[in-house]
Amino acid sequence: MVAVLPPGQVMVDVEGLSLEPHEVARLRHPHVGGVILFARNFESRTQLTQLCAEIHAVRDEPLLIAVDHEGGRVQRFKSDGFTPLPCMRRFGEIWEDDSLAAMRLATETGYVLGAELRACGVDLSFTPVLDLDYGQSSVIGDRAFHREPQVVAMLARALIQGLMLAGMAACGKHFPGHGYVAADSHHEIPVDDRSLEEIMREDAAPYGWLGDMVLPSVMPAHVIYPKVDAHPAGFSRYWIQHILREQLGYEGVVFSDDLTMEGASVAGDILARAQAALGAGCDMVLVCNRPDLADTLLQQLEQPENHAEAVARIRQLAPRFACANWDALQNQSRYQYARDLQSEIISG
């Protein structure tokens, strides 16, 4: 019997609407463990479903397919039947008038989000954002639920419940918090000069309250907190090992944020960035929109020391049960009810 190739610890992307032969070869590399999709990979539901099937068929143990699909301005698939989803701040606004209604609506949105993606073959959405809404971060902005960490935790828990009902895992981001700094880590190197005590009391609190039983994966921020550590959180053993793993007791998957972002440049070239993230305790690193750098990394990276533990955790993110296809989903009264609520939530 031929051994099944386990998932690797690098997540890559694909260029277009279907796989090219050189991309199939890349996805078969032992270091690859997942694929992240973008808006450019979507033309129609039929095409997206076929692309996901092609990706899953590349390996005997299917690769994890992920996407940034939060709602609001971060929703990669918006046409051909995909439901427009509200930004997360909308639930924080509803909370001010009726907290229980806000939680119920967040669960309904999580269900629609997860069910539609899974019906097309996507396994994981990098959501929810757990950053606090300080009103000064343009890149976070209305992606955040609320300013208060208790409210963020409760609304995130409700959204995650909806995802779970659809059979989809969640990913909290950006640990320990990206909402306080104005700089966008896609284009700059943000620095947050607050103390560890303040960050733990405010921004990091939802991670401790939720834990890995609710939140099966986490993505650290490309933010430097100089009063805590000189390295960005995603490259910091202090943040990932000491704070997240030991102090908060977190046992889920830790993804790096995209290693091609400017906020990751402090670690060096693409190999140095991946080694720094994996060495700090990340289970899987993302290389997006630079296939040349992805190929360089796959050629040069040696198997990380945490490989066996990381593979075991990564496997926990795979969907646990079969999902309805798109046509069957449309006929489910549970889905119809949750979907119809979305326009009401957005319109307010």
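How many bridges join strand β1 (residues 10-13) to strand β2 (residues 32-37)? There are 4 of them, and the two strands run parallel. To see one pairing up close, find Val12: its bridge partner in β2 is Val35. Keep in mind as you explore that this is a predicted model.

Now step back to the whole sheet. It is open, with 8 strands paired in parallel, and its order reads β6-β3-β2-β1-β10-β9-β8-β7. The edges belong to β6 (124-125) and β7 (172-175); each has a single partner strand, so one side of each has no neighbour in the sheet.

Next, look at Gln75, which sits in strand β5 (residues 74-75). Is Gln75 buried or exposed? Gln75 is buried: its relative accessible area is 5%, and the cut-off for buried is under 20%. The side chain of Gln75 makes two polar contacts with the backbone, listed here.

| Side chain | Backbone partner | Distance |
|---|---|---|
| Gln75 | oxygen of Phe77 | 3.1 Å |
| Gln75 | oxygen of Thr83 | 2.9 Å |

Leaving aside residues up to four places away in sequence, Gln75 touches Asp68, His69, Thr83, Pro84 and Leu85.

Finally, turn to a pair of helices. The axes of α4 (residues 99-119) and α13 (residues 333-347) come within 9 Å and cross at roughly 115°, and this crossing is left-handed. On the α4 side, the residues in contact include Leu105, Tyr111 and Val112, while α13 contributes, among them, Tyr335, Leu341 and Ile345. Sorted by class, the contact between α4 and α13 has 8 nonpolar, 2 polar and 5 charged residues.

Note on methods
Residues are numbered from 1 along each chain as its sequence is written. This is a predicted model: local features need pLDDT of at least 70, side-chain atom pairs count only at pLDDT 80 or more; totals for chains, interfaces and linings use all residues. Side-chain values use heavy atoms; hydrogens and water are left out. Axes are lines fitted to C-alpha atoms, for helices over the stretch in contact, and angles run from 0 to 180 degrees between N-to-C directions. A crossing is left-handed if the near helix is turned anticlockwise from the far one by less than a right angle, and right-handed if clockwise. Contact means heavy atoms within 4.5 Å. Ala, Val, Leu, Ile, Met, Phe, Trp, Tyr, Cys and Pro count as nonpolar, Asp, Glu, Lys and Arg as charged, and the others, Gly among them, as polar. Buried means under 20% relative accessible area, exposed over 50%, partly exposed in between (1.4 Å probe, protein chains only). A polar contact is a pair of N or O atoms within 3.5 Å; within protein, one must be able to donate a hydrogen and the other to accept it, and residues adjacent in sequence count only if both atoms are side-chain atoms. Two strands pair if DSSP finds at least two bridges between them.
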